[in-house]
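Student: Please take me through this structure, feature by feature.
Tutor: Look at the sequence and the model, then we start with the ligand.

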Amino acid sequence: MGKQLEVEFGQITDDNIEQLRQVNLACFPVQYQETYYKNVVKGKNEDLCKFAYWNGYIVGAACSRVENVEGSDRKRLYIMTLCVLAAYRGRGIGTQLIQSILDHYEAEKDAALSKVDEIALHVQISNEDAMNFYKTKFGFEKGELVENYYRRIDPPHCYLLYKKLR
Ligand code: ACO
């Protein structure tokens, strides 16, 4: 694999949201709803939602949010999407994107994120690259199997992957 590429991060805004749409279209077999794009822009939070730039070009993106954990007053960081354009994969960009979200957690764990105690995401059961990435690089664990999570792709099932943060 080629050398690691050091990326810079940039905010996702109304002016460049179309580029997120293009990157997602190139990387995911599902299309995300308008509400997802609206929430990314409305959140105005570069710590949670960001582009990765290499040499001035967008090569990937990560979008996460803080959400309530059902039945408790605890919260979790939830990764909605993580993608790196295929030509740039295997060069450490996905790692830098996830690490930057974990760094934000570390910086805010006793302040804005004091109620957050885990980070989680859903991944299609056939997406072994992504499962290995989260498990081997960051120590995520495989959680429940959610059947028929996706409507238009086969297999439609996903796993919850999670990592306890405290
Ligand atoms: N493609 C992917 N992984 C590779 C490749 C390659 N061509 N070649 C090697 N790898 C291995 C590497 O060994 C690397 O580990 P190493 O650093 O120990 O060598 C690891 O996989 C990948 O680490 P990174 O380079 O940091 O990650 P990358 O920039 O490739 O991004 C990602 C990983 C985001 C999962 C990417 O493969 C991708 O965009 N996939 C398509 C979209 C997707 O499946 N996203 C996750 C779905 S779940 C969700 O979005 C919540």
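Student: Which oxygen contact does the side chain of K137 make with the ligand?
Tutor: A polar contact is a pair of N or O atoms within 3.5 Å; within protein, one must be able to donate a hydrogen and the other to accept it, and residues adjacent in sequence count only if both atoms are side-chain atoms. Here a polar side-chain atom of K137 lies 2.5 Å from a ligand oxygen. The backbone takes part too: an N or O atom of R91 is 3.0 Å from an oxygen of the ligand, and one of G94 is 2.8 Å from a ligand oxygen. This is a predicted model, where local features need pLDDT of at least 70 and side-chain atom pairs count only at pLDDT 80 or more, while totals for chains, interfaces and linings use all residues. Residues are numbered from 1 along each chain as its sequence is written, and side-chain values use heavy atoms, with hydrogens and water left out.

Student: How many residues surround the ligand?
Tutor: A residue is near a molecule if one of its heavy atoms lies within 4 Å of it. The count is 23, and the closest are G90, G92, T95, N127 and K137.

Student: Which elements give two or more residues to the shell around the ligand?
Tutor: Helices (H or I, at least four residues) and strands (E, at least two) are DSSP runs, numbered from the N terminus. The elements in question are β4 (75-84), α3 (93-108), β5 (116-124) and α4 (128-138). Of these, β4 gives the most, with six residues.

Student: Where is the cis peptide bond?
Tutor: The bond joins D154 and P155, with omega about -5°. P155 lies in the loop between β6 (141-146) and β7 (158-164).

Student: What is notable about phi of K44?
Tutor: Phi is near 45°, a positive value in a residue other than glycine. K44 sits in the loop between α2 (34-43) and β2 (49-54).
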